Amino acid sequence: RVTARSFENGVTGLYNLTVNNRGPATTDAPVVLTLDLPAGQTFVTGAGLGFACAGAGSRVTCTHAGPMPSRTATTVRVYVDVCSTATRAEAVASVSYAGDTRPSNDSRTRRVSIRSGQPCQAPATATPTSATPLPTPTVTDTPEPGATATPAATETPTPAGPTATPVPAAAADLNVLFTTS
């Protein structure tokens, strides 16, 4: 699935991050995807179905409030400006979810080469950037033939204060796959 293994200086690069919920359950708490960018790469924008992204320094954080159905995958696209003196770099992506049943598969590293290209000037200071929304695909939930549509579950509020008991998150195995273009 790797569409490219290199970036070019002075040109916007793209990381495609696929977040998988391998099940067995639909998530019932936020899913957080983080991308730690190497020196010389600056967050521009990012989004994916259900995910909103923001950047601060070299870290990009994309959050999906949920639910994320079992046995689904969502691609998050993160665009970065590239201005580096290095010829190789590494970015690290990880996904976290409170009910993750297999955290050992939650992180991936992507090594990329950086080709010389257009002259560029690194920003003087990193400033937090909110994502500019990308077009949102239309998703239609269609029941199987003969089945009836199930209304969306409603959230029962948990009482506040010291007597509140935390509600455990549904068991789900999430992981992240990495491609660049």
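**View 1. The disulfide of Cys53 and Cys62.** Buried here means under 20% relative accessible area, so Cys53, at 4%, counts as buried. Its partner Cys62 has a relative accessibility of 2%, and that makes Cys62 buried too. Keep in mind for this and every view below that the model is predicted. The bond itself joins Cys53 to Cys62 with an S to S distance of 2.1 Å. Look along the S-S bond and you get 110° about it, which makes the link of Cys53 and Cys62 right-handed. The disulfide count for the structure comes to 1.

**View 2. The largest nonpolar core.** This core is made up of 27 residues. The residues with the most contacts inside the core are Tyr15, Leu35, Val60, Cys62, Val76 and Val78. As for who contributes, S2 (12-24), S3, S5 (51-56), S6 (59-64), S7 (72-82), S8 and S9 each put in at least two residues. Cys62 turns up here again, having already appeared as one end of the disulfide with Cys53. In general terms, nonpolar side chains of soluble globular proteins tend to be buried together.

**View 3. The surroundings of Val78.** Which residues does Val78 touch once its neighbours within four places in sequence are set aside? Gly13, Leu14, Tyr15 and Leu17 are among them. Leu35, Phe43, Thr45 and Gly46 are in contact with Val78 as well. Val60 and Cys62 round off the list. Of these contacts, Tyr15, Leu35, Val60 and Cys62 are also named, along with Val78, among the core residues with the most contacts.

**View 4. Strand S8, one face at a time.** S8 covers residues 88-96, and its side chains alternate. Ala89, Ala91, Ala93 and Val95 point to one face and are buried. Arg88, Glu90, Val92, Ser94 and Ser96 point to the other face and are not buried. That is the usual habit of a regular strand, where side chains alternate between the two faces of the sheet.

**View 5. The strands that pair with S8.** S3 (residues 31-36) pairs with S8 in the antiparallel sense, over 5 bridges. In that pairing, Leu33 has Val95 of S8 as its bridge partner. S9 (residues 107-115) also runs antiparallel to S8, with 7 bridges joining the two. Here Val92 stands opposite Thr109 in S9.

**View 6. Strand S4 and its partners.** How many of the 8 residues of S4 (residues 41-48) are buried? The tally is 6, so S4 is largely enclosed by the rest of the structure. S4 and S7 run antiparallel and are joined by 7 bridges. Thr45 pairs up with Tyr79 of S7 in this arrangement. S4 also pairs with S5 in the antiparallel sense, this time over 2 bridges, and Gly48 has Phe51 as its bridge partner in S5. The hairpin of S4 and S5 has 2 residues between the strands, and Gly50 takes a positive phi there, near 85°.

**View 7. Salt bridges across the chain.** The structure holds 3 salt bridges. In one of them, Arg115 meets Glu8, with the closest N and O atoms 3.3 Å apart. Arg115 sits in S9 and Glu8 in S1 (residues 6-8), so this pair ties together parts that are 107 residues apart in sequence. Arg115 is partly exposed at 40% relative accessibility, and Glu8 is partly exposed at 27%.

Next comes Arg59 with Asp36, where the closest N and O atoms are 2.7 Å apart. This pair links distant parts of the chain, with Arg59 in S6 and Asp36 in S3, 23 residues apart. Arg59 is partly exposed, with a relative accessible area of 41%, and Asp36 is partly exposed too, with 24%.

The side chains of Glu90 and Arg111 meet in a salt bridge as well, at 2.6 Å from N to O. Glu90 belongs to S8 and Arg111 to S9, so the pair ties together parts that are 21 residues apart in sequence. Glu90 is partly exposed, at 39% relative accessible area.

**View 8. The aromatic pair of Phe7 and Tyr15.** Searching the whole structure turns up 1 aromatic pair. The ring centres of Phe7 and Tyr15 are 5.1 Å apart and the planes stand at 80°, so the pair is edge-to-face. Both Phe7 and Tyr15 are buried. Tyr15 is also one of the core residues with the most contacts.

Note on methods. Residues are numbered from 1 along each chain as its sequence is written. This is a predicted model: local features need pLDDT of at least 70, side-chain atom pairs count only at pLDDT 80 or more; totals for chains, interfaces and linings use all residues. Side-chain values use heavy atoms; hydrogens and water are left out. Buried means under 20% relative accessible area, exposed over 50%, partly exposed in between (1.4 Å probe, protein chains only). Helices (H or I, at least four residues) and strands (E, at least two) are DSSP runs, numbered from the N terminus. Two strands pair if DSSP finds at least two bridges between them. A disulfide is a pair of cysteine sulfur atoms within 2.5 Å. A nonpolar core is a set of buried Ala, Val, Leu, Ile, Met, Phe, Trp, Tyr and Cys residues joined through side-chain atoms within 4.5 Å. Contact means heavy atoms within 4.5 Å. A salt bridge is a side-chain nitrogen of Lys or Arg within 4 Å of a carboxyl oxygen of Asp or Glu. Rings of Phe, Tyr and Trp (its six-membered ring) pair if their centres lie within 6.5 Å; planes under 30 degrees apart count as stacked, over 60 as edge-to-face and the rest as tilted.
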